[in-house]
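Here is a short report on side-chain contacts and one helix. It looks at rings, charges and a bend in turn.

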Amino acid sequence: MAAPINDMFSFCVEPSRVCSYVEVRPVDKIKGKGLFAKKSIRKGETIFVERPLVCAQFLWNAQYNYRACEFCLRSLETAEENARRLSGIPSLLLPHPEQCLVQPERHLPCPQCQVMYCSGECRQAALEQYHQVLCTGPSREDPEHPLNKLQEAWRGIHYPPETCSIMLMARMVASVKQARDKAHWLNLFSQFCSRTANEEEEIAHKLLGEKFQGQLGLLRNLFATALYDDNLSRWFTPEGFRSLFSLVGTNGQGIGTSSLSQWVHGCDAQDLPAQQREQLDAFIDQLYKDIEKETGDFLNCEGSGLYLLQSSCNHSCLPNAEASFPENNFFLHLTALCDIRPGEEICISYLDCCQRERSRHSRLKILRENYLFTCSCPKCVAQMDEPDVTSEEEEEDEAEGDVEGDDLEDEMTDV
């Protein structure tokens, strides 16, 4: 049974307002459903703000000391702590410390397993939704605990950069196990895009690499040992586990949080005299150069989540909306990139800015390999008669193909 349509808006902030702005309706057999504007939306307007059903930090991200709230993924480092670690400069002092909104005095651990939360509210919310099932108690550091064995196996199979997490699946199971109305939660999870058996197998292959059959079997056995529940028995069969894997692989939305980024935005918004503005901008520019030299591109606390309404947004190489996380937590803001007319479909891009500038051939290749569909957006249709690929891109594609067999994952997260 499908979830009532209002459930699609139930994880949004101000759901009644969002209902008046957008609607979810069928598109076709290939795309399934889509999100459409019910009224005019102006460029820069926030279309909706939504929290995920479940989310989880990437395990390698946590291993590299990116500290995040176990519930909302808020960065737990102050902006200065974050900048010092990423730049490798332990004596670094940030100007305008008042622009850092992290409140360490509010951080609280789980009294049993000591995982950290940004507030008592997040700790209570996690406990009520899934943490009773997933709390390892005093065994948090015990390598023989079933959940720890599952996480270690995942790290050994799925090297960074990660694009989904076995713990996202674990929180799905735990949320249903703890729920009073299990059917309701199962119906919510059933709203996410599903795939055929062949497509699910291909997705598992993409995520885990050439030896995926054995790896998937190992993960399934460890997953069942840690979390099996009779009410969810179908999720623990080989087919059901592959379907679960496919669901998080194709619907998971990447989440990036950063106290440093929030501090930079706060500094940018300040009204400063010209000389102070110039000095501050120069300081920030140099800081990012230091971070790039020390850390590279991995700046944020990163994870993935399942967003019910956002998952209805289809892809376009000419998106009219984009998702961001300006609150330094899991709240997704969908913002209009241009004016959107009533009745117009609201689309995001699964490709980053650089990928969107490549030829139609290259864009289609990325989308077919990672998302298993052929794009027919206005940009791709308009370029059908143009040369499909440049010689440089052919060389890049061949190089990517050589590397692909050795990689343990490809990008599967809607971004």
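This is a predicted model. A search of the whole structure finds 13 aromatic pairs. A pair of aromatic rings is described by the distance of the centres and the angle of the planes.

Take F71 and Y130. Their ring centres are 6.3 Å apart and their planes meet at 25°, so the pair counts as stacked. F71 sits in the loop between α2 (59-63) and α3 (79-87). Y130 belongs to helix α4 (residues 120-134). The pair therefore ties together parts that are 59 residues apart in sequence. F71 is buried, at a relative accessible area of 10%. Y130 is buried as well, at 3%.

F189 and W235 form another aromatic pair, this one edge-to-face. The centres are 6.2 Å apart, with 65° between the planes. F189 lies in helix α7 (residues 182-190). W235 lies in the loop between α9 (212-227) and α10 (238-251). The pair links distant parts of the chain, 46 residues apart. F189 has a relative accessible area of 2%, so it is buried. W235 is buried too, with 7%.

Aromatic residues also group together. W154, F223, Y228, F236, F241 and F245 form one aromatic cluster.

Some rings meet a charge. The charged end of R25 sits over the ring of F36, 3.8 Å from the ring centre. R85 lies over the face of Y66, and here the distance to the ring centre is 4.3 Å.

Back to helix α4, the home of Y130. How far does α4 span between its end C-alpha atoms? The span is only 18 Å, whereas a straight helix of 15 residues would span 21 Å at 1.5 Å a residue. The helix also bends, by about 70° at E128. Its buried residues are C122, A126, Q129, Y130, H131 and L134.

Now the charged pairs. Side chains of opposite charge can pair when their charged atoms come close. The structure holds ten salt bridges. Three of them are set out here.

| Salt bridge | N to O distance | Relative accessibility |
|---|---|---|
| E70 and R171 | 2.8 Å | E70 24%; R171 6% |
| K149 and E144 | 3.9 Å | K149 36%; E144 54% |
| R155 and E152 | 3.0 Å | R155 14%; E152 46% |

Which parts of the chain does the bridge between E70 and R171 tie together? E70 lies in the loop between α2 and α3, and R171 in helix α6 (residues 166-178), so the bridge joins parts that are 101 residues apart in sequence. E70 counts as partly exposed, while R171 counts as buried. The loop between α2 and α3 also carries F71.

The bridge of R155 and E152 is set within one helix. Both residues lie in α5 (residues 146-157), three residues apart, or about one turn. An α-helix has 3.6 residues a turn, so residues three or four places apart point the same way. Is R155 buried or exposed? R155 is buried, because its relative accessible area of 14% falls under the 20% limit. E152 is partly exposed.

In the remaining bridge of the table, K149 is partly exposed. Its partner E144 is exposed, because 54% is over the 50% limit.

Note on methods
Residues numbered from 1 in each chain as written. Predicted model: local features only at pLDDT ≥ 70, side-chain atom pairs only at ≥ 80, totals over all residues. Heavy atoms only, no water. Phe/Tyr/Trp six-rings, centres within 6.5 Å; stacked < 30°, edge-to-face > 60°. Helix = DSSP H or I, 4+ residues; strand = E, 2+ residues; numbered from the N terminus. Buried < 20%, exposed > 50% of the residue type's maximum accessible area, 1.4 Å probe, protein only. Lys NZ or Arg CZ within 6 Å of the ring centre and 35° of its normal. Expected span 1.5 Å × (residues − 1). Bend = angle between axes of the 7 residues up to and from the residue. Salt bridge = Lys/Arg side-chain N within 4 Å of Asp/Glu carboxyl O.
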